[in-house]
Amino acid sequence: MTTGHLHLGVALDGAGRHPAAWRSPHARPAELFDPRYWVELARTAERGLLDFVRLDDSLGSPSTRIPGRLDAVSVAARLAPATGSIGLIPTATTTHTEPFHVSTSIATLDHVSRGRAGWWPQPSRTAAEARHFGRKPVASAGELSDEQAEFVDVVGRLWDSWEDDAIIRDVATSRFLDRKKLHYVDFEGTYFDVRGPSITPRPPQGRPVIAITVDGPDTLEIAARFADVLFVDASGPDEARRLRERAHAIAEGNGRDPGELRVLAEITVYLAATDSDARRERGLLDARSDVPVPNGLSFTGTPEALADRLAGWYVGGAVDGFTLIPGVLPYDLDRIVEDLVPILRERGLARAAYTADTLRGHLGLPLPANRYART
Amino acid sequence: MPQPNSPRPNNSQPNSPQPNSPHTKSPYRPRSPGHPTRRIHLAAHFPGVNSTTVWSDPRSGSQIDFDSFEHLARTAERGRFDFFFLAEGQRLREHHGRIFELDVAGRPDALTVLAALAAITDRIGLAATATATYNEPYELARKIASLDHLSAGRAAWNVVTSPDAWTGENFRRGGFLPREERYERAIEFVEAARTLWDSWAPDAHVADAEGGVFAAPGAGRFDYHGRHFAIDGRFTVPRGPQGRPVLIQAGDSTDGREFGAAHADVIFSRHGEYEAGRAFYADMKGRAARHGRSPDELKILPAVTAVIGATAEQAQEKAAWIRRQQVSPQNAIQFLEQVWGRDLSDLDPDGPLPDFDPITDGTSIARGRVRTGGDPLELARSWRELAAAKGGLSLREVVIEVAARQTFIGTAEHVADRMEVHVRDGASDGFILVPHLTPTGLDEFVDQVVPILQERGVFRSEYEGTTLREHLHLPAPRPAGTHRTDVAV
Ligand SMILES: Cc1cc2nc3c(=O)[nH]c(=O)nc-3n(C[C@H](O)[C@H](O)[C@H](O)COP(=O)(O)O)c2cc1C
């Protein structure tokens, strides 16, 4: 553990995780495509001194009941100048997209946020998404993961393809660049070849934070090799601890320092001042939903009880922190920031002020060395 | 590095008398009766990755820090410009098979920067260049539609094509497209994008919580089948504030012009000079009419530069200084190498042009440039003539002469006069200003020329609308498939 604080991020998606969230009186379903809505959510999260906001996305219809969503990288970029400290982790998918474009767009997010970018790479698994592109049929889960691994690998190389001091502006020799500090990545994979170098100079964090969802052995392997942050969906602290230990072992086997992995459990939260209020609100939502509530760990109750739960996992060494998924936005986000975080802070588990201005800084991660640098 | 160009007739050489020269008396008195006032449109081009952009100047700032984008976008918005423009190139330029070191290089992803700029600007349009070759409609249309929402109706897309396999080496799909097919794919790409943008009716985002209806039934459903794309499903971004984002096009071949005339809202042209501008303008408006469009639906905006001085002489001196900065001795040599097709690093930049002829085996030693052209032997001949006619110019001086792309040079009054004349006489509908300095290169123009244009009533003093479509006086987009023959031409 590198800090005494647990790492805390919050997932922003539509009107919240619950399929009927958008019908809650607390939701603002008419504003989901209005940038002011997103700015308000991100600023709330920043007021809570959270490590990051995570922006879900896909190239299909969201799994919630809302058939619309803005491009997450673009939303994150729109949020960057409107916030000052908080990390921004959007999804960019890996199945129908180009690694070269994703590398430059996330690098650019890091430039415009001055070092607060992350990236949550996700495969596109559905036939519907495949038809939106019309290039290839849906692949097997194994192939999708393999392709995701190649994708993440090559994006990391492209970020390193400019050394930090590649721009020399040497008037005497009339050279803007030192080409020795630029590198062809010459990646040849099963799914694509990419020559490089990137067209975008190395981002401020060197490599933006990579966050990968662990949902099976394949993705655990990929995450332990390539990710800085692991989003795990564990039913309880024991399962989370086992995943974390496995991830550390795989990372070590791949020559990585396990201390540079941040394993965060996902929990959907439905909060209220009293337990019975929370359960009643949750019941109303469930009754209004015409589809099953998605799987995954959830918590319905008071901020105090949630704080106990999170502290229990964290102090027991099961995780490095959490991604909290508000059941209803902005309501549950407000409860997190106004009620939960102060309790955690009182217990010494949440920061009292930002002490860094990059996402790597919040996560206690060092700047990565450039794999191509010779010195 | 500047780009070699076809030889130009002597009277269009930068320093010879021409309509733009401050030494020529303007044939036009700005407010002569009988000419209806024509409004000028202005756009700001972020300095590019070529020798037009001077980085050796002490005032030159970062080409990648967000501060630079912020400065130029805010300056352009202060000047009430129609839009802020970002170019793209998906591979670093090379010379002799190695990365080209002499010019500014390294750019951000355009759409991502523009989404960030949407946060710190209110009215100015935000235009991104994106190739139709190494993108797919669903993903790109979604990003552009997202920008339209995130900017409250200010998004534009400059559609370009990239026919070379060399750029394709950075992409999954590689250099798969024969040159002849690039516009065929671009046309289908635009049709597909418009199908997606039209897939949500304006009122389809219902958000009726009581009734349990978030979106109208079928919102987002689409189906596009062409030779290059066969896609169907559901688009996830509701119709944006502009209905359809503004479409810009920047190709110059016959195919490119036809494509632009039929589909674009704005043409980004390279014909900033008066005569060439008039010819191009007439050609494009004619093509638009043949496609059943009103000439006003297509705005012609050439790339131009402006050098402003307190007097005509000062402006000329400043322009000459900029030209020298743009062509360093090393840059001059590498420029010539593109035409001579061989290593010329032994030559003295201050000495004469080579006395041997270019190699003409058709291979290019430079890659990643928008345009190289002209027969090398013919270029060499015309440059030797130029050197002799001007009293024995050095190699570098010749390159400075032929590579310069300076459009308007003079006092602020003069530059305003010339802009007004160009637009009055049908050489353009306005201009895309390309500054030579990052990020302060438009400060003078905005402080000195814009107020004159505003005073004369040929340029807005305040934004009248909120969307880019409104700034450009473009009609609201028609739904897909509507026939255009009802339009008066
Ligand atoms: C003024 C102007 C600006 C252009 N800007 C870009 C650019 O930013 N990126 C790019 O890849 N191509 C750019 N192009 C290239 C064109 O889109 C087009 O691909 C090229 O001119 C070849 O097409 P053509 O044969 O029709 O001219 C530009 C062209 C012009 C005339």
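**From a buried strand to a covered ligand**

In this predicted model, a good place to begin is chain B, where Ala156(B) has Val246(B), a residue of strand E11(B), as its bridge partner. That pairing belongs to a set of four bridges that join strand E6(B) to strand E11(B), which covers residues 246-249, and the two strands run parallel. Strand E6(B) also pairs in the parallel sense with strand E5(B), residues 125-131, and here the pairing extends over six bridges. Within this second pairing, Ala128(B) finds its bridge partner in Trp157(B), a residue of strand E6(B). To pass from E5(B) to E6(B), the chain goes through helix H3(B), residues 137-150, and the β-α-β crossover made in this way is right-handed.

How many of the six residues of strand E6(B) are buried? Five of them are, and because a residue is called buried when its relative accessible area is under 20%, we can say that this strand, residues 155-160, is largely enclosed by the rest of the structure.

We can now turn from strands to charges. Side chains of opposite charge can pair when their charged atoms come close. Over all chains, the structure holds 72 salt bridges, and a few of those in chain A show how such pairs may be placed along a chain.

One of them brings together the side chains of Arg125(A) and Asp215(A), with a distance of 3.5 Å from N to O. These two residues are 90 residues apart and so link distant parts of the chain, since Arg125(A) sits in the loop between strand E4 and helix H4 of chain A, while Asp215(A) sits in the loop between strand E9 and helix H6 of chain A. Arg125(A) is partly exposed, with a relative accessible area of 39%, whereas Asp215(A), at 53%, counts as exposed.

A second salt bridge joins the side chains of Arg207(A) and Asp160(A), where the distance from N to O is 2.8 Å. This pair, too, links distant parts of the chain, for Arg207(A) lies in the loop between strands E8 and E9 of chain A and Asp160(A) lies in helix H5 of chain A, 47 residues apart. Asp160(A) has a relative accessibility of 0% and therefore counts as buried.

A third pair is found inside a single helix, where Arg335(A) forms a salt bridge with Asp339(A), the closest N and O atoms being 2.8 Å apart. Because the two residues are four residues apart in helix H10(A), residues 331-346, they are separated by about one helical turn. Arg335(A) counts as buried at 14% relative accessibility, while Asp339(A), at 27%, counts as partly exposed. Elsewhere, salt bridges that share partners join residues of both chains into one network, made up of Asp13(A), Asp57(A), Arg69(A), Asp71(A), Arg142(B) and Lys143(B).

The last stop is the ligand, which has 17 residues around it, and those that come nearest are Glu88(B), Arg182(B), Tyr183(B), Ala250(B) and Ser253(B). The side chain of Arg182(B) has an N or O atom 2.6 Å from an oxygen atom of the ligand, and a polar side-chain atom of Tyr183(B) lies 2.7 Å from a ligand oxygen. With Asp252(B), by contrast, it is a polar backbone atom that is 2.7 Å from an oxygen atom of the ligand. On its own the ligand has 620 Å² of accessible area, and the protein covers 85% of this. Helix H5(B), residues 182-197, and strand E12(B), residues 266-269, each supply at least two residues of the surrounding shell.

Note on methods: Residues numbered from 1 in each chain as written. Chains lettered and ligands numbered in written order. Predicted model: local features only at pLDDT ≥ 70, side-chain atom pairs only at ≥ 80, totals over all residues. Heavy atoms only, no water. Buried < 20%, exposed > 50% of the residue type's maximum accessible area, 1.4 Å probe, protein only. Pairing = 2+ DSSP bridges. Right-handed = clockwise from strand over helix to strand, strands pointing away. Salt bridge = Lys/Arg side-chain N within 4 Å of Asp/Glu carboxyl O. Near = heavy atom within 4 Å. Polar contact = N/O pair within 3.5 Å; in protein donor to acceptor, adjacent residues only side chain to side chain. Areas by Shrake-Rupley, 256 points an atom, 1.4 Å probe, with all protein chains shown as cover.
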